[in-house]
Amino acid sequence: MENTYGYPYSPYFYSFLMPQPMDQQQSYHAGLQHGFDNMGHGDNNAAAMASYEYTSQVNPYAQGQDIFYQPTQSTYTIPLNYLNYAPIAPYTQKLLTFQKNIHSFFLSDNLREELQRKSEAARQVLHSSLPSSLNEYHSLVPLDMSPQKSTQTFGYSSWVYKAFSTEDAHIYALRRIEGFRLSNENDIRVVQRWKKVTSANIVTIHNAWTTTKFGDSSIVFVYDYHPLSKTLMEAHFGPNPIFAGSRHVPENVIWSYIVQLASALKTIHGTGLAARVLDLSKVLLTSKMRIRLNCVGILDVIASDPAKNLTDNQLEDFRKLGEMMLAIACNSPLAVTPQNFTKSMDYVGKQYSSGLREVIQSLYQGHVKNIDEFSKVIAPHILQNFNASLHSEDALESELHKELENGRLFRLVSKLGFINERPEFDHDPRWSETGDRYLIKLFRDFVFHSVDEAGHPVVDIAHVVTCLNKLDAGIDEKIMLVSRDSLNCFVTSYKDMKRNIENAFQDLLKNGRR
């Protein structure tokens, strides 16, 4: 029998999500009342149970504390069913029990693939002739492989590298401005002001210094590194534009760009600074519909202009924002030239709403004077983007909840791995094969090494998940463990197995603390 996904049906699939018989539920809750202490000791060891009564929450991830995390009993009246999964909203769709499959336990394929690709890109290294280190940064990897460098934005050629920090082991992006010689030490002090600018739509700057390790006089700026990012220029006008199959960029995408960049300008202007780098090549698309303003602070260091006051630079930010949105709306960087402006606005008026056309026109023509007034104009779209971000947060929290459950089981499997097949402990080469540790070994075989009537391995992850969840809960359900030679069998409960595992694990911990 197969389910609608084409996977063979197994009675173990989501069996622990099904309602249990009343007598089993009563046995379960009775077991929880007596066996849900942190160590799983039985009723007869009152002193041991008293020694593990906690007066505050236990951190399950702290070193030296028990991995079987259990809040204080006073936090709830009915013990939680830890052997059952409890998925949280939002739910993708309603499925019957036999339609569900094992993929529901883990991160979605698309999200997992995206995170794995970013992790792979972040850890990638490349042997090159670049300097071995720059201050505390090492293992430089060039991110921009184009041999032709434009000097339009900064007036100098610039290069971008990925580098690893020896101080915190994090990965950063280093932007080098080639051929720049710092003439006034006060110019570089503005970086300290930019370091205090914190916004979800700005790539954070961390440091800046001059160097001659590249064979010339250069200045290097350190930013957060966002793997697999693309500039808006690459995303919309590169070899593989993201909306290649559409006649024009969807309007909601342009509004999202405007709202996010307005958020960045709100933070920058509110701290008495100006962005000065609003350009398609300096805005990063770090994930789906998520953009960040990059390279902030560079022009304040290398091109400080006392003749141009702060107000003029902030007004220029709005005009540059209008140019960017006009180019994206018209699908052409040439649409922003003065000679093409009238035709470009006519095209925007035909393809998009009058509200978007008016906003782009007012930005481009310099009619926007203040970020607060501009925020009032785009307020409806700010609320729409805020609502979309909350939906995205709910979806990610639902995915994270799956990993919370998987983390519990991983800690259990780790304990089993520490105990089973240990060659020697406390000068006893047969420690893992004697006493309660022998039952733990048989339990491992019961969970992972089962075979069917034909002797074929049973590879059923739902069976593994079910058993480990029951073990974590420490319920009174009985199981029969059979030795490998089939000459001995033992009837025990998950509650007893939890106690045995914890006792063996505590023996390992106590020996390690001597």
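**Reading strands and helices in a predicted model**

Colleague: Where should I start, and what do β3 and β4 form?

Modeller: β3 and β4 form a hairpin, with five residues between them. In the turn, Ala169 has a positive phi of about 65°. Keep in mind that this is a predicted model.

Colleague: How do strands in a sheet pair?

Modeller: The general idea is that strands pair through backbone hydrogen bonds, and the pairing is either parallel or antiparallel. In this hairpin, β3 and strand β4 (residues 171-177) run antiparallel and are joined by seven bridges. You can find one pair of residues across the hairpin at Tyr161, which stands opposite Leu174 in β4.

Colleague: Which strand pairs with β3 over four bridges?

Modeller: That is strand β2 (residues 137-142), again in the antiparallel sense. Here Tyr161 in β3 has Pro142 opposite.

Colleague: Is β3 largely enclosed or open, and why?

Modeller: Count the buried residues. A residue is called buried when its relative accessible area is under 20%. In strand β3 (residues 158-165), seven of the eight residues are buried, so the strand is largely enclosed by the rest of the structure. Across the protein chain, buried residues make up 42% of the 514 residues.

Colleague: What does Lys162 of β3 touch?

Modeller: Lys162 lies in strand β3 and is buried, with a relative accessible area of 2%. Setting aside residues up to four places away in sequence, Lys162 touches a list of residues including Ala121, Arg123, Ser139, Val141, Tyr172 and Tyr225. Lys162 and Pro227 are 65 residues apart in sequence, and their C-alpha atoms are 9.3 Å apart in space.

Colleague: What share of contacts joins residues 24 or more positions apart?

Modeller: Take the contacts in the protein chain with a separation of 6 or more: residues 24 or more positions apart account for 66% of them.

Colleague: Where is there another hairpin, and what is in its turn?

Modeller: β10 and β11 form a hairpin with six residues between them, and Ser486 in the turn has a positive phi of about 60°. Strand β10 (residues 478-482) pairs with strand β11 (residues 489-493) in the antiparallel sense over five bridges. Ile479 has Thr492 in β11 as its bridge partner.

Colleague: What is the order of the strands in the open sheet of three strands?

Modeller: The order is β7-β8-β9, with antiparallel pairing. β7 (230-231) and β9 (290-293) are at the edges with a single partner strand each, so one side of each has no neighbour in the sheet. Strand β8 (residues 283-287) pairs with β9 over four bridges, and Leu284 is opposite Arg292 in β9.

Colleague: In a regular strand, where do the side chains go?

Modeller: They alternate between the two faces of the sheet. In this sheet, look at what crosses the strands: α7 lies across β8 and β9, at about 35° to β9.

Colleague: How are two packed helices described?

Modeller: By the angle between their axes and the distance between the axes. Helix α7 (residues 251-270) and helix α11 (residues 354-364) have axes that come within 11 Å and cross at roughly 40°. The crossing of α7 and α11 is left-handed. On the α7 side, Glu251, Ile254, Trp255 and Ile258 make the contact; on the α11 side, Gly355, Leu356 and Val359 do. By class, that contact has five nonpolar, one polar and one charged residues.

Colleague: Which residues of a helix point the same way?

Modeller: An α-helix has 3.6 residues a turn, so residues three or four places apart point the same way. For another residue of helix α7, take Ser256. Ser256 is buried, with a relative accessible area of 4%. Leaving aside neighbours within four places in sequence, Ser256 is in contact with Met289 and Asn385.

Colleague: What span should the 13 residues of helix α14 have?

Modeller: At 1.5 Å a residue, helix α14 (residues 436-448) should span 18 Å; the end C-alpha atoms are 19 Å apart, which agrees. The buried residues of α14 include Leu439, Ile440, Phe443 and Val447, and also charged ones such as Arg437 and Asp445.

Colleague: How many residues has helix α13?

Modeller: Helix α13 (residues 379-419) has 41 residues and reaches 60 Å from its first C-alpha to its last, close to the 60 Å expected. α13 is followed by Glu421, with a positive phi near 60°. To place these elements in the whole, the protein chain has 16 helices and eleven strands.

Conventions: Residues numbered from 1 in each chain as written. Predicted model: local features only at pLDDT ≥ 70, side-chain atom pairs only at ≥ 80, totals over all residues. Heavy atoms only, no water. Axes fitted to C-alpha atoms, helices over the stretch in contact; angles between N-to-C directions. Helix = DSSP H or I, 4+ residues; strand = E, 2+ residues; numbered from the N terminus. Left-handed = near helix turned anticlockwise from the far one by under 90°. Contact = heavy atoms within 4.5 Å. Pairing = 2+ DSSP bridges. Expected span 1.5 Å × (residues − 1). Buried < 20%, exposed > 50% of the residue type's maximum accessible area, 1.4 Å probe, protein only.
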